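Here's a quick briefing to read with the model open beside you. Let's walk through a few spots worth a look.

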Amino acid sequence: MATVSDHEPKGRHQSTKAAASGWIGSALEYYDFFIYATAASLIFPQLFFPSGNPTVAIVASLATYGVGYIARPIGAFVLGHWGDTHGRKYVLILCMFVMGLSTMGVGLLPTYRQVGVLAPILLVALRLIQGFAVAGEISGSSSMILEHAPFGRRGFFASFSLQGVQAGQILAAAVFLPLAAWMPDKAFNAWGWRIPFLASVIVIIAGYIIRRELDETPAFAAENAQGHVPRAPIVEAFKLSWQDMLRVVCMALMNVIPVVATIFGGAYAVQAAYGIQMSKEVYLWIPVLGNILAVAIIPFMGNLSDKIGRRPPIIVGALGSGLLSFGYLYAISINSVPLAIVMSLLMWGAVYQGYNAVFPSYYPELFPTKSRVSAMAIGQNVGTTITALLPALFAAVAPPGSSNIPLTIGAITLGITAISAIAAFSARETYRIHLDDLGVPGAVPVSQTEYDRMRADSLRSAKLAES
């Protein structure tokens, strides 16, 4: 009879510690990334671009949000290589330092009124550095947690890396909420908006303390000890896994949902040029409440994927959230805060998490250990880069003054999420394949009966090891 240790790397598996490290690290790093997104919707059009044409200022500001994603494929190549050759732990520490310093830099920038065109140039440069740094976070964190997790529980533990991302978004919006509510507009525009960016010094300190305490994964340690760490993991990834990398690119287009929920939705709701003019402090509560629900749902969805597989939650989450985007944008168009909150809770907080909670386990499971970080980082970041260009596209095809904005943007969103669902449907199921066999052509999953037994063994072993 097979045991849970068959085809699993030998060594100390710090599943809980790895999940906690991934959660806290992702929360801090994505706090940095999303305070920029919030500011790009709410304040940057007035601070860093000419004020003569509000539409141009909005499009330009949202374009700088997308610029950060342009650097992500470059970061994916560099940081993915680092993670597969030097280890998961060290690439995550590097990401934290680069992200924290670049975010602090945004908080020190002069405005357009002070230095003219140099202001948006510096803003774009720092956004590029942010995008470079964040490219290695989810792939490194997901691989770290996955390789520490016990068999049969990988979906549950890996989901905590995305729970941390959602918590980081809550923190980003929550920092802006009291500032927008309590500070006079003049003070907020002059210096109040800088506070969340300068607070990123906490990321640098906390990130290093948290991540230096975690051991390297047994899977990578075994590859390193046996001399199997490739010199060119990116070449290995493209040679052996290009089809699955393409699937990940298509599935990662699901990033269109957070783009609609927080970036275009924010500009549509609060920018005067669109004429809806929800107050900033009211609108900021909409994604906050959606993210609070997401934080609660994510581990349950991750655990569900350990029971029924990775593909069903992703497919349902993709198509369901795409359909709900129509209702969310309609609620904003009629300036109905209660309806917008309900639609945000459904689209963003609940249904989208079928995808969001599961991809941190599914993506790395498609690839072998020796090229896992590179393959996932490249595929995911190429896909998210494509969607990050959408805010500016949305503002261009549905500019202020145009009609049927919810229908236009909703139709584009649904079409994109359908592509993601098709990609997931075409991929193989991975949840019953042992870690050492992941990414191996023709790898045979254990039977459902045997999997259930071994999963129960993993649960008992994990409780004993960490008690």
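Where does Arg-432 lie? Arg-432 sits in the loop between helix H23 (405–426) and helix H24 (448–465). Keep in mind that this is a predicted model. From that loop we'll move on to the salt bridges, then a helix, then a nonpolar patch.

**The loop around Arg-432**

- Arg-432 and Val-446 are 14 residues apart along the chain, yet their C-alpha atoms are separated by 5.7 Å.
- Leaving aside residues up to four places away in sequence, Arg-432 touches Phe-151, Pro-445, Val-446, Ser-447, Gln-448 and Tyr-451.
- Val-446 also shows up at the polar end of things: its backbone oxygen lies 2.4 Å from a polar atom of the Arg-432 side chain.
- Gln-448 gets a polar contact too, side chain to side chain with Arg-432, at 3.4 Å.

**Salt bridges within one helix**

- The structure holds 13 salt bridges, and two of them are picked out here: Arg-247 with Asp-244, and Asp-457 with Arg-453.
- In the Arg-247 and Asp-244 pair, the closest N and O atoms are 3.0 Å apart.
- Arg-247 and Asp-244 are separated by about one helical turn, because they are 3 residues apart in helix H14.
- Arg-247 is partly exposed, as its relative accessible area is 22%, while Asp-244 has 7% relative accessibility and so counts as buried.
- Asp-457 and Arg-453 meet through their side chains, 3.0 Å from N to O.
- Helix H24 holds both Asp-457 and Arg-453, which are 4 residues apart, or about one turn of the helix.
- Asp-457 comes in at 19% relative accessibility, which is under the 20% cut-off, so Asp-457 counts as buried.
- Arg-453, with a relative accessible area of 25%, is partly exposed.

**A network and a long-range pair**

- Salt bridges with shared partners tie Asp-84, Arg-88, Glu-147 and Arg-372 into one network.
- Inside that network, Glu-147 forms a salt bridge with Arg-88, and the closest N and O atoms are 2.7 Å apart.
- This pair links distant parts of the chain: Glu-147 is in helix H8 (residues 137–148) and Arg-88 is in helix H5, 59 residues apart.
- Are the two partners buried or exposed? Glu-147 counts as buried because its relative accessibility is 0%, and Arg-88 is buried as well, with a relative accessible area of 0%.

**Helix H5**

- Arg-88 belongs to helix H5, which covers residues 88–107 and has 20 residues.
- From its first C-alpha to its last, H5 reaches 30 Å, close to the 28 Å expected at 1.5 Å a residue.
- H5 is mostly covered, with 14 of its 20 residues buried.

**A nonpolar patch on the surface**

- Which residues make the nonpolar surface patch of about 590 Å²? The patch is made by Ile-74, Phe-77, Val-78, Phe-238, Trp-242 and Leu-246.
- Helix H4 (72–85) and helix H14 (233–251) are the elements that give two or more residues to this patch.
- Ile-74 is found in helix H4.
- Why does Ile-74 count as exposed? Its relative accessibility is 53%, and exposed means over 50%, so Ile-74 makes the cut.
- Helix H14 turns up twice in this briefing: it gives residues to the patch, and it holds the Arg-247 and Asp-244 pair.

Note on methods
Residues numbered from 1 in each chain as written. Predicted model: local features only at pLDDT ≥ 70, side-chain atom pairs only at ≥ 80, totals over all residues. Heavy atoms only, no water. Patch = residues over 30% accessible without salt bridge, like charges linked within 9 Å, V, L, I, M, F, W, Y side chains within 5 Å. Areas by Shrake-Rupley, 256 points an atom, 1.4 Å probe, with all protein chains shown as cover. Salt bridge = Lys/Arg side-chain N within 4 Å of Asp/Glu carboxyl O. Buried < 20%, exposed > 50% of the residue type's maximum accessible area, 1.4 Å probe, protein only. Contact = heavy atoms within 4.5 Å. Polar contact = N/O pair within 3.5 Å; in protein donor to acceptor, adjacent residues only side chain to side chain. Expected span 1.5 Å × (residues − 1).
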